[in-house]
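Work through the two exercises on pockets below. Try each task before reading its solution.

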Amino acid sequence: MEGPSLLILKESLRSFKRKKIVDASGTTTKIDPTKLIGERISDFKSFGKHFLIVFKAFSLRIHFLMFGSYRINEQKDATARLHLKFEKGELNFYTCSIVRIDEDIDEVYDWSTDVMSELWNPVKARRKIRKLPDATVSDVLLDQTIFAGVGNIIKNEVLFRIRVHPETTIQALPPRKLTALINEARNYSFDFYKWKKVFQLRKHWLIYTKRKCPECKGVVTKKYTGRTLRRSFFCEHCQVLFE
Ligand SMILES: [Zn+2]
């Protein structure tokens with residue numbers, strides 16, 4: 001689940017804020033769900049791909065990994081990793097990793113690296129990227145210490161928007177393209193958020209999982225690129241490989 005999806009989750013849980021947990025269970029082994037009974041939720045936050053349930057003295061960090069999911073006021077056929085019951089309603093989280101954080105989350109998380117955060121700092125991102133001359137643009141976009149929240153869909157769409165080949169290295173990338181990459185990582189994340197909210201995300205994909213380039217109508221290349229070896233979809237004709 002990429003950053004924008006977690007922002008949508010956060011918004012849909014608004015009504016559970018300040019509500020007390022009356023029952024809790026689940027298959028999670030890293031925390032004891034029964035210890036949550038009686039606790040009141042102070043807030044929900046997201047940082048990159050981490051979803052946070054904030055209590056007065058601690059927080060729960062939920063990472064949905066590749067196949068994680070959730071249900072609000074309903075259940076799936078599977079047993080939840082974490083089930084939280086309230087006087088009115090329930091939350092269920094599946095196939096995710098759940099960790100308890102006892103430290104102050106403002107100390108744990110640097111909000112300025114989260115592309116969806118109002119504290120997002122593009123100058124800081126640029127400084128970090130400059131220190132990775134040999135890295136490819138496709139790996140840099142997925143680096144959660146630089147672009148927290150960016151996942152593989154955002155990576156592909158950003159690179160198509162700025163017409164850069166995923167295997168271009170940072171040292172070969174012209175400065176104006178680096179600026180565009182940083183700006184679009186945030187812009188596209190907000191478009192993703194806007195489209196996903198109205199169930200129109202897929203419809204707006206230009207290159208991700210596509211066979212034909214929307215611009216030149218040529219064949220889209222699919223390749224596992226960079227060190228992360230995540231799927232890249234790109235047009236060899238429209239997206240420049242800077243060398
Ligand atoms: Zn093309």
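Some conventions come before the tasks. Ala, Val, Leu, Ile, Met, Phe, Trp, Tyr, Cys and Pro count as nonpolar, Asp, Glu, Lys and Arg as charged, and the others, Gly among them, as polar. This is a predicted model, where local features need pLDDT of at least 70, side-chain atom pairs count only at pLDDT 80 or more, and totals for chains, interfaces and linings use all residues. Residues are numbered from 1 along each chain as its sequence is written, and side-chain values use heavy atoms, without hydrogens and water.

**Exercise 1.** Describe the largest pocket and its lining.

Step 1: size. The volume is about 930 Å³. A pocket is an open set of points on a 1 Å grid over the protein atoms alone, where a 1.4 Å probe fits, with protein on both sides within 12 Å along at least five of seven lines; lining residues have an atom within 4 Å of a point. A volume is the space filled by probe spheres set on the points, which are joined across faces, edges and corners.

Step 2: centre. Of 29 lining residues, M1, E2, S5, I153 and K196 are the closest to the centre of the largest pocket.

Step 3: elements. Helices (H or I, at least four residues) and strands (E, at least two) are DSSP runs, numbered from the N terminus. α1 (3-12), α5 (152-161), α6 (175-197) and β10 (230-234) each give at least two lining residues. The largest share, four residues, is from α1.

Step 4: classes. The lining has 15 nonpolar, seven polar and seven charged residues.

**Exercise 2.** Do likewise for the second largest pocket.

Step 1: size. Its volume is about 300 Å³.

Step 2: centre. Among 13 lining residues, K10, S46, M116, S117 and E118 are the closest to the centre of the second largest pocket.

Step 3: elements. α1 and β2 (43-47) each supply at least two residues of this lining. α1 has the largest share, three residues.

Step 4: classes. Count four nonpolar, four polar and five charged residues.
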